[in-house]
Amino acid sequence: MRSIKDDESKPMNLHRITLSAGADLDGFRQALRRLIAEELAPQHVVFAVDDAPGLFGVEAMGDAPPVTIPKGVARLIEHVVCHRDPERYALLYQLVWRVLNGERDLLDVASDPLVHRIDLMARSVRRDLHKMHAFVRFRRMPGEDLERFAAWFEPEHFILEAAASFFVDRFRSMDWTILTPVGSMHWDRRALTFGPPGQRDEAPAEDSFEEGWRGYYESVFNPARVNPTAMRAEMPKKYWRNMPETAAIPGLIQTASRRVERMIEQEATMPAKRTPERALEAMWDQEPKSLEDLNAIIAKAGPLVLGATQAVFGEGPAHAEIVFVGEQPGDQEDLQGRPFVGPAGKLLTKAMKEAGIDREQAYLTNAVKHFKFEQRGHRRIHSKPTAGEVKHYRPWLMKELELVKPKLVVALGATALLALTGKATPITRSRGRARFGPYEGYVTVHPSYLLRLPDEATKREAYEAFLNDLRRVHDLAKADLETGELPFAAE
């Protein structure tokens with residue numbers, strides 16, 4: 001965008017911009033583009049609202065290209081146009097003019113009087129939006145064939161349109177109207193329309209639902225935390241007439257001290273708390289005698305973190321000599337219900353074959369049995385399990401090893417190592433031979449680590465090191481089986 005300069009040689013012509021009453025965001029944006037295109041400094045512009053009479057004539061200006069401004073300025077504009085201050089548009093234009101004329105980081109200067117004033121206006125609008133979201137109470141319209149609801153609210157600013165999406169999203173299945181002194185909006189379950197201001201008596205004063213709502217409010221009211229000053233700050237009295245629960249507040253405050261005394265006199269009881277340990281104790285009581293029994297218990301328990309399609313169990317001979325333990329199933333594993341069938345699994349299979357390990361004779365499983373992910377569009381992106389989630393699944397993994405009875409357990413990556421040892425240890429410090437309780441073990445990287453490396457040279461070097469680890473696993477298991485001697489020096 002070309003640089004904007006206020007040409008002092010030009011005669012001072014005042015341009016009057018007329019915008020619609022209320023929060024005319026679209027009108028201000030159009031005016032902004034035209035004014036910037038004409039390089040009109042703020043002192044040459046007068047903003048008026050809704051054809052209000054003024055001293056200066058309206059000067060027509062043609063279409064203009066968009067104006068590129070920082071996102072922070074654009075967000076401020078969206079809020080401040082809702083403010084009641086009649087100078088809001090002029091102040092915003094001053095802000096934009098300065099930002100486009102060498103003060104790109106103006107919003108970072110909190111001490112600037114213009115920035116300070118506009119920030120206070122934006123905060124006031126945001127508070128008003130919060131109060132509207134919190135304090136609107138719908139009541140059923142009497143004498144209607146269809147079930148319709150209405151509410152009355154008195155906003156401080158012109159926030160009706162800014163608040164609309166919240167109510168449409170929250171009450172999409174209802175037919176409702178919100179009436180305010182500055183306008184109204186109506187949702188008929190299909191379309192949203194805006195109308196003229198309303199009157200308080202156009203909304204019902206109460207309905208049959210409110211008695212139950214007041215009873216609920218009284219039941220959750222905590223007398224030990226009564227603070228009338230804080231209550232009035234969060235719920236100003238001007239909104240009380242619209243909220244059924246406020247009728248109960250005076251009585252609740254008056255009886256608060258007596259209720260607290262009764263609470264103190266009652267014997268304290270510990271709250272009931274469900275813990276994973278209780279569920280795990282129940283599992284041990286079932287004493288699974290086979291991998292099939294254990295897998296049935298895991299499947300019945302369901303995922304700790306919702307979203308997985310199914311539990312992915314271990315795969316391989318029931319008494320395999322080598323067990324490979326990974327982190328958790330990936331996207332393909334979750335869909336197919338088998339471990340190590342995705343990109344990392346294919347790389348592991350390739351390396352096992354080169355190292356002389358028959359995948360069909362090994363047992364492959366994961367520390368966590370369900371896929372944890374983040375949804376990004378149509379893709380499910382792997383999300384690393386937390387230490388608590390690993391701890392939740394650990395008893396099942398240890399039972400799985402007890403049932404397989406392997407001669408060698410291979411930890412693929414840090415999560416598998418955490419599950420097998422109960423300690424978070426860097427792979428770089430633990431790589432090589434290890435001991436996992438009664439099992440001879442070996443620690444190496446997870447094959448997915450190799451896939452994430454940035455360049456081919458690094459990948460080749462890391463893959464060769466991974467392949468050497470698998471060759472040692474093969475030799476260690478072979479020596480243990482045939483001679484009890486190690487084919488290489490202990491690490």
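Here are a few exercises with worked solutions on the structure above.

The model is a predicted one: local features need pLDDT of at least 70, side-chain atom pairs count only at pLDDT 80 or more, and totals for chains, interfaces and linings use all residues. Residues are numbered from 1 along each chain as its sequence is written, and side-chain values use heavy atoms, with hydrogens and water left out.

**Exercise 1. Get your bearings: find how many helices and strands the chain has, and what share of its residues count as buried.**

Step 1. Helices (H or I, at least four residues) and strands (E, at least two) are DSSP runs, numbered from the N terminus. Here that gives 18 helices and 14 strands.

Step 2. Call a residue buried under 20% relative accessible area, exposed over 50%, and partly exposed in between (1.4 Å probe, protein chains only). With 491 residues in the chain, 43% count as buried.

Step 3. Contact means heavy atoms within 4.5 Å. Take the contacts with a separation of 6 or more: 71% of them come from residues 24 or more positions apart.

**Exercise 2. Work out which kind of aromatic pair Tyr93 and Trp97 make, then do likewise for Phe138 and Trp176.**

Step 1. The rule: rings of Phe, Tyr and Trp (its six-membered ring) pair if their centres lie within 6.5 Å; planes under 30 degrees apart count as stacked, over 60 as edge-to-face and the rest as tilted. By this rule the structure has 13 aromatic pairs.

Step 2. For Tyr93 and Trp97, the ring centres are 6.3 Å apart and the planes meet at 55 degrees, so this pair is tilted.

Step 3. Now place them. Both belong to helix α3 (residues 88-100), sitting 4 residues apart, about one turn of the helix. Tyr93 and Trp97 are both buried, and they belong to one aromatic cluster with Phe28, Phe47 and Tyr89.

Step 4. Phe138 and Trp176 are also a tilted pair, with 5.7 Å centre to centre and 45 degrees between the planes. This pair links distant parts of the chain, 38 residues apart: Phe138 is in the loop between α4 (113-135) and β3 (139-140), while Trp176 is in strand β5 (residues 175-180). Phe138 and Trp176 are buried too.

**Exercise 3. Find which strands stand at the edges of the sheet β3-β4-β5-β6-β7, and why one side of each has no neighbour.**

Step 1. Two strands pair if DSSP finds at least two bridges between them. The 5 strands make an open sheet in that order, with mixed pairing.

Step 2. β3 and β7 (192-195) are at the edges; each has a single partner strand, so one side of each is left without a neighbour in the sheet.

Step 3. Zoom in on β7: with strand β6 (residues 183-187) it pairs in the antiparallel sense over 4 bridges. There, Leu192 in β7 is the bridge partner of Trp187.

Step 4. Helix α5 (residues 160-170) packs on this sheet, touching β5, β6 and β7, and its direction makes about 25 degrees with that of β6. Axes are lines fitted to C-alpha atoms, for helices over the stretch in contact, and angles run from 0 to 180 degrees between N-to-C directions.

**Exercise 4. Show why the buried residues of α5 line one face of the helix.**

Step 1. List them: Leu160, Ala163, Ala164, Phe167 and Val168.

Step 2. Look down the axis of α5: these buried residues fall within an arc of 145 degrees, so they line one face. The arc is that of the directions from the helix axis to the C-beta atoms.

Step 3. Recall the general rule: an α-helix has 3.6 residues a turn, so residues three or four places apart point the same way.

Step 4. Check both sides of α5. Its buried residues pack against α4, β5, β6 and β7, and the face turned away from the buried side carries the exposed residues Asp169 and Arg170.

**Exercise 5. Decide what covers strand β8 (residues 322-326): are its residues buried or exposed?**

Step 1. Count: 5 of its 5 residues are buried.

Step 2. Sort them by face. Ile322, Phe324 and Gly326 are buried on one side of β8, Val323 and Val325 on the other.

Step 3. Find the partners. β8 runs parallel to β12, joined by 4 bridges, with Ile322 opposite Leu408. β8 also pairs in the parallel sense with strand β9 (residues 363-366) over 4 bridges, where Val325 stands opposite Thr365.
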